[in-house]
Amino acid sequence: MKAKFGSKIGLVAATVGSAVGLGNIWRFPAEAQANGGAAFLLLYIACVFLLGIPVMVSEFALGRGGQSDAVGSFKNLGASKPWWSVGALAVLASYMILCFYMVVAGWTFEYLWQSITGSLYDGIDSATSAPFAAKMNGFIADGWNASINTYIVLALNIGILLFGVRKGIERLSNIMMPLLFILLLVFCGVALTLDRASDGVEFFLNPDFSKITPRVALNALGQAFFSLSLGMGILITYASYYPPTTILTRTALTVSLLDMLVAILMGMIIFPAVMTFNLTGEGLEGASLVFITLPEVFTHMPGTQLWSILFFLLLMVAALTSTISISEVSIAFLQDRFKLSRVKAVLMAMLPLILFSTICAYSQSDSFSDIRIAGMTIFDTLDFLATNICLPIGSIFLCIYVGWFAPKGFLYRELTNDGDVTSHVFNVLLFIVRYVAPILIGLILIGVFI
């Protein structure tokens with residue numbers, strides 16, 4: 001019998017957890033800083049509303065209607081063999097992301113442990129410029145230490161995934177996602193009291209339209225797809241666990257709005273801190289940004305160690321909800337396609353990550369810093385290929401299938417629950433899925449490479 005989420009709150013929490021996890025807490029601030037702040041935010045919001053929600057609804061419909069994994073859902077709807085490759089591309093992209101995502105989750109675990117022991121704040125001199133940047137860069141440079149933390153996170157993932165959908169994924173999401181939102185609101189309130197908070201808010205909310213380029217548009221599109229878990233097969237897989245009474249359009253809107261709320265809250269936390277503590281320059285951009293600015297904020301709060309523990313505990317949980325949801329794509333694929341037991345599928349999907357994640361961890365270290373692919377580390381290459389290439393391309397063909405080649409009336413039946421729910425926006429969504437999304441995503445991709 002196909003596993004199902006046990007409650008409406010549970011399915012929303014799990015779906016939001018796949019997006020809100022590291023997608024917006026870790027990745028969004030780095031992308032916003034590197035791509036012009038408010039200009040990037042504006043494009044990101046536009047991508048979420050114009051493209052993200054329609055693509056999300058399409059994936060929900062495909063998963064619930066197909067009642068299988070990212071490949072099997074196409075098969076169950078009678079799709080011909082070429083369309084299965086769209087699902088296969090999603091499985092591949094999700095696994096590529098998982099390889100480097102486990103490393104980031106390992107960084108998070110290291111910061112949680114250092115917060116508990118207090119070593120994160122040992123030897124910090126307030127007179128030193130960006131002391132936490134040196135700590136983070138030193139940690140990343142040590143490939144062995146980063147790998148050990150990655151293995152710990154991998155073991156936690158395996159333990160939770162073995163419990164299945166309700167007892168593992170849903171239970172974890174129900175408890176921890178509300179706590180994450182509460183803490184983000186608290187940290188946002190503290191950040192806005194910093195000396196140069198207004199400068200940070202201006203950078204984040206006052207757009208400079210000259211910063212908008214095809215590359216920034218592609219990065220905003222990639223972030224929207226990454227943070228909403230689009231094109232990874234996650235939403236297809238999770239939607240196959242949705243009860244038939246779930247209202248897909250309402251779920252998509254709820255997930256997207258909560259996802260954007262977290263992105264905005266993180267911007268309101270990070271950029272006031274960046275401006276107040278002058279956290280700019282080499283080594284202060286990219287994947288490590290959140291690990292540099294937030295510890296600096298905590299040093300200006302009463303109970304520094306307590307807040308640090310709470311935040312990195314919740315960030316660890318967010319990392320787990322992200323890695324678990326991405327892992328579930330491959331696990332469901334192995335279960336449904338090869339009829340494996342849950343235990344065998346979990347082990348088959350997760351154990352190879354011991355090797356692949358180690359490669360990603362070491363690619364960021366001093367030992368392999370000279371190994372580059374088109375100027376990028378292996379870690380960054382996987383990020384770029386999966387996020388900016390595979391996810392948009394897969395979403396283009398998914399929209400074409402759902403809009404033009406799915407069984408007649410399929411999308412309407414899924415969005416209206418076989419006529420039980422009135423969908424006032426169906427025609428708008430169908431138009432976007434058929435015409436706007438494929439053309440606009442394609443134009444953004446072409447604009448970058450010509």
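# Exercises on a predicted model

The charged end of Arg434 sits over the ring of Trp404, 4.5 Å from its centre. A charge counts as over a ring if NZ of Lys or CZ of Arg is within 6 Å of the ring centre and within 35 degrees of the ring normal. This is a predicted model, where local features need pLDDT of at least 70, side-chain atom pairs count only at pLDDT 80 or more, and totals for chains, interfaces and linings use all residues. Residues are numbered from 1 along each chain as its sequence is written, and side-chain values use heavy atoms, with hydrogens and water left out.

## Exercise 1: a charge and a ring

Find which residue lies over the face of Phe226, and at what distance from the ring centre.

**Solution.** Start at the ring of Phe226. Arg27 lies over its face. The distance to the ring centre is 4.6 Å.

## Exercise 2: the span and bend of H5

Compare the expected span of helix H5 with the distance between its end C-alpha atoms.

**Solution.**
1. Helices (H or I, at least four residues) and strands (E, at least two) are DSSP runs, numbered from the N terminus.
2. H5 covers residues 81-117, which is 37 residues.
3. The expected span is 1.5 Å times one less than the number of residues.
4. For H5 that gives 54 Å.
5. The end C-alpha atoms are 54 Å apart, which agrees.
6. Now look for a bend, the angle between axes fitted to the seven residues ending at a residue and the seven starting there. H5 bends by about 30° at Cys99.
7. Step past the end of the helix. Just after H5, Gly118 takes a positive phi of about 85°.

## Exercise 3: H5 and the core

Is H5 largely enclosed by the rest of the structure or largely open?

**Solution.**
1. Buried means under 20% relative accessible area, exposed over 50%, and partly exposed in between (1.4 Å probe, protein chains only).
2. In H5, 26 of the 37 residues are buried, so the helix is largely enclosed by the rest of the structure.
3. Take one residue of H5, Val104. Its relative accessible area is 0%, so Val104 is buried.
4. Val104 and Trp26 are 78 residues apart in sequence, yet 8.5 Å apart in space, C-alpha to C-alpha.
5. Next, the core. A nonpolar core is a set of buried Ala, Val, Leu, Ile, Met, Phe, Trp, Tyr and Cys residues joined through side-chain atoms within 4.5 Å.
6. The largest such core has 159 residues, and Trp26 and Trp107 have the most contacts inside it. Its largest share, 18 residues, comes from H5.

## Exercise 4: aromatic pairs

Which parts does the pair of Phe74 and Tyr401 tie together?

**Solution.**
1. Rings of Phe, Tyr and Trp (its six-membered ring) pair if their centres lie within 6.5 Å; planes under 30 degrees apart count as stacked, over 60 as edge-to-face and the rest as tilted.
2. The whole structure holds 30 aromatic pairs.
3. Phe74 and Tyr401 form a tilted pair, 5.2 Å centre to centre with 55° between the planes.
4. Phe74 lies in helix H4 (residues 72-76) and Tyr401 in helix H17 (residues 378-405), so the pair ties together parts 327 residues apart in sequence.
5. Both Phe74 and Tyr401 are buried.
6. Ring pairs also build a cluster, with Trp107, Phe226 and Phe379 among its members.

## Exercise 5: H10 and the loop after it

What is the phi of Ser229, and where is this residue found?

**Solution.**
1. Begin with helix H10 (residues 214-227). Its 14 residues should span 20 Å, and its end C-alpha atoms are 20 Å apart, which agrees.
2. Of these 14 residues, 12 are buried, so H10 is largely enclosed by the rest of the structure. Among them are Val216, Asn219 and Phe226.
3. Ser229 follows H10. It is found in the loop between H10 and helix H11 (234-239).
4. Most residues other than glycine have a negative phi. The phi of Ser229 is near 65°, a positive value.
5. Ser229 is buried, with a relative accessible area of 1%.

## Exercise 6: a buried arginine

Which side chain does Arg342 contact?

**Solution.**
1. Arg342 is found in helix H15 (residues 342-350). At 16% relative accessibility, Arg342 counts as buried.
2. A polar contact is a pair of N or O atoms within 3.5 Å; within protein, one must be able to donate a hydrogen and the other to accept it, and residues adjacent in sequence count only if both atoms are side-chain atoms.
3. The side chains of Arg342 and Glu328 make such a contact, at 2.8 Å.
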